[in-house]
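Q: Hello! I am new to this structure and would like a close look at one part of it. Could you walk me through it step by step?

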Amino acid sequence: MSSPTTKRQKNAASDLTSLTDDLVREYQQNGFLVFRNFFSSDEVEAIKNEMSRVIDEWYVEFDKTGEEGADWEEVVNRDPLVRQGKLKPLDRLHSVRRLFRISVNLHFFKQIASHPKMLAISKQLLGDDVKLLQSMALLKPPGTAEKKWHQDNAYFRLIPNHLLAFWIALDEADVENGCMHIVPKSHNHGVDDHSSPDDDHVVYSLTNLPEKDKIVSVPLSPGDALLFHGELQHYTPSNNSIRMRRAIQMHYASGQCKPTVCPKDGEEKGSEGLQQEGPTHFDCAPCIEPKFWYYRKAELLVSGHDYGGEHI
Ligand SMILES: O=C(O)CCC(=O)C(=O)O
């Protein structure tokens, strides 16, 4: 990639409880905002320590239960290159690419999911009924590969498209070690075609790459946050440094969102709404990406009313 524009915005966020009208407008127009010091250094350290603890526990307790109620196979996703023996990790931490559905499986991250700043901004942008759609800790150890260009709602397929993500850096993240790259304003025209080369269910990415002069890189320092719309095109390059790159990513959606149609056959696959419990698949047999229907089950109700009318 030629050198993309770099975004260094300076919205101070240490005491952020709501967005100004100007920031709301900017988010709506560009599809993203950057907040400096969104999480304190203590919060960043606590999250990194918890990630290391979880990974250590997983290695030690591999055949055992681990934290009560946690689904360890679901939580700890080792890097594909490590699994295939193509990359030799320095240590346990460097062997893992992702901790998945962390708010469901790990008490510590369940609390992070209701972080006052993320909750306040999500409610402001999405309305009072907010669900945590998906929670992940994303590790990009040295030598690990890119995450290809995609729009998150290509996975979730929710209507209306009232969903957003916070991507919070835990290490210095720059172009060399795989920081976020985005296409501003690309959230304005719906979900573009995505495909899975060779039926690879892990790689599901934009069929047509964005034009290079539209791409903006977003270097962040530990604690900084990128807030972006669920249909903004984004990507992270491979980590070509000797430095670790860790982040957490929390997706929130309006409780009004519903699963839409199957991208493969165009059929509606369910009218259940965005449920916390219940069926995760929508009988999507003809779809080559059945795996992705799973992602449309929300992890937690964090604010407002559930479909059953329950209030928290
Ligand atoms: O953190 C990364 O490397 C990419 C995260 C991302 O875009 C995703 O998982 O949707």
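What covers the buried residues of helix 7?

A: Happy to take you through it. Keep in mind as we go that this is a predicted model.

Let us begin with the helix itself. Helix 7 spans residues 116–126, and its buried residues are M118, I121, S122, L125 and L126. Looking down the axis of helix 7, you would find these buried residues within an arc of 110°, so they line one face of the helix. The cover over them includes helix 1 (21–30) along with strand 6, strand 9 (163–169), strand 14 (225–229) and strand 16. Just after helix 7 comes G127, which has a positive phi, near 100°.

Now pick out strand 14, one of the elements in that cover. Strand 14 is mostly covered itself, with five of its five residues buried. In a regular strand, side chains alternate between the two faces of the sheet. In strand 14, A225, L227 and H229 point one way, while L226 and F228 point the other way, and all are buried.

Strand 14 also has partners. Strand 3 (residues 32–36) runs antiparallel to strand 14, and four bridges join them. Strand 9 is antiparallel to strand 14 too, joined to it by five bridges. A handy residue to find here is F228 in strand 14: F32 stands opposite F228, and so does A165.

While you are at strand 3, look for F35, which is found in that strand. F35 counts as buried because it has 25 C-beta neighbours inside 10 Å, where 20 or more are needed. F35 and I168 are 133 residues apart in sequence, yet their C-alpha atoms are 9.3 Å apart in space.

Finally, return to strand 6 and strand 16, which also belong to the cover over helix 7. Strand 6 (130–140) and strand 16 (245–254), together with strand 15 (234–236), each supply at least two residues of the shell around the ligand. The residues around the ligand are L138, K140, K147, D152, G178, H234, T236, A247 and Q249. By type, the residues of that shell divide into two nonpolar, four polar and three charged.

To retrace the route: the buried residues of helix 7 line one face, strand 14 is among the elements that cover them, and strand 6 and strand 16 lead on from that cover to the shell around the ligand.

Notes:
Residues numbered from 1 in each chain as written. Predicted model: local features only at pLDDT ≥ 70, side-chain atom pairs only at ≥ 80, totals over all residues. Near = placed C-beta within 6 Å. Nonpolar A, V, L, I, M, F, W, Y, C, P; charged D, E, K, R; others polar. Buried ≥ 20, exposed ≤ 12 C-beta atoms within 10 Å, placed from the backbone. Arc of directions from axis to C-beta. Contact = placed C-beta atoms within 7 Å. Pairing = 2+ DSSP bridges.
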